[in-house]
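User: Could you take a close look at one part of this model for me, the place where its helices meet? I'd enjoy a connected walk through the packing and the residues around it.

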Amino acid sequence: MRIGSSIVLIALGAILAFALAPGLIPYVNQVVIGYILMVVGILGLIVSLIMASSTRRTVVHRHAGVDDVDV
């Protein structure tokens with residue numbers, strides 16, 4: 001899950017939980033589903049930010065050649 005999809009889940013959950021009238025979708029508790037989508041979106045955002053900040057660092061080893069030796 002990337003940052004964009006996490007934000008979409010948070011926004012969709014907020015719309016379901018707060019903006020729509022209760023009972024608009026029959027036989028479904030849309031407030032609970034909205035809260036669940038917001039929690040999943042927040043967890044995905046946290047995980048994607050942690051994964052983005054932990055970049056792999058490569059170490060470049062340089063071997064002294066004939067032209068690199070100081071005399």
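Analyst: Happily! The crossing of helix 1 past helix 2 is left-handed. Do keep in mind that this is a predicted model. Helix 1 covers residues 3-19 and helix 2 covers residues 30-53. Their axes lie 7 Å apart and make an angle of about 160°. Because angles over 145 degrees count as roughly antiparallel, helix 1 is roughly antiparallel to helix 2. As for the chemistry of this contact, its residues comprise 17 nonpolar, seven polar and no charged.

Let's turn to helix 1 itself. With 17 residues at 1.5 Å a residue, helix 1 should span 24 Å, and the 23 Å between its end C-alpha atoms agrees with that. Which residues of helix 1 are buried? They are S6, G13, L16 and A17. Viewed down the axis of helix 1, the buried residues fall within an arc of 95°, so they line one face of the helix. A general point about geometry helps here: an α-helix has 3.6 residues a turn, so residues three or four places apart point the same way. On the other side of helix 1 sit V8, F18 and A19, which are exposed. I7, also a residue of helix 1, is partly exposed, with a relative accessibility of 47%; the cut-offs are under 20% for buried and over 50% for exposed.

Now for some pairs that are separated along the chain. A17, one of the buried residues of helix 1, has its C-alpha atom 4.5 Å from that of G34, although 17 residues separate the two along the chain. G34 belongs to helix 2 and has a relative accessible area of 0%, so it is buried. I7 and G44 are 37 residues apart along the chain, and their C-alpha atoms are separated by 8.9 Å. The pair S48 and G4 spans 44 residues in sequence, with a C-alpha to C-alpha distance of 9.8 Å. S48 lies in helix 2, and its relative accessibility of 9% means that S48 counts as buried.

That leaves the connection between the helices, where Y27 deserves a look. Y27 sits in the loop between helix 1 and helix 2. Its phi is positive, about 65°, even though Y27 is not a glycine. For context, most residues other than glycine have a negative phi. Is Y27 buried or exposed? With 89% relative accessibility, Y27 counts as exposed.

To put the part back together: helix 1 and helix 2 pack with axes 7 Å apart, the crossing is left-handed, and the buried residues of helix 1 line one face of that helix.

How values were computed. Residues are numbered from 1 along each chain as its sequence is written. This is a predicted model: local features need pLDDT of at least 70, side-chain atom pairs count only at pLDDT 80 or more; totals for chains, interfaces and linings use all residues. Side-chain values use heavy atoms; hydrogens and water are left out. Axes are lines fitted to C-alpha atoms, for helices over the stretch in contact, and angles run from 0 to 180 degrees between N-to-C directions. Helices (H or I, at least four residues) and strands (E, at least two) are DSSP runs, numbered from the N terminus. Angles under 35 degrees count as roughly parallel, over 145 as roughly antiparallel, 65 to 115 as roughly perpendicular and the rest as oblique. A crossing is left-handed if the near helix is turned anticlockwise from the far one by less than a right angle, and right-handed if clockwise. Ala, Val, Leu, Ile, Met, Phe, Trp, Tyr, Cys and Pro count as nonpolar, Asp, Glu, Lys and Arg as charged, and the others, Gly among them, as polar. The expected span of a helix is 1.5 Å times one less than its number of residues. Buried means under 20% relative accessible area, exposed over 50%, partly exposed in between (1.4 Å probe, protein chains only). The arc is that of the directions from the helix axis to the C-beta atoms.
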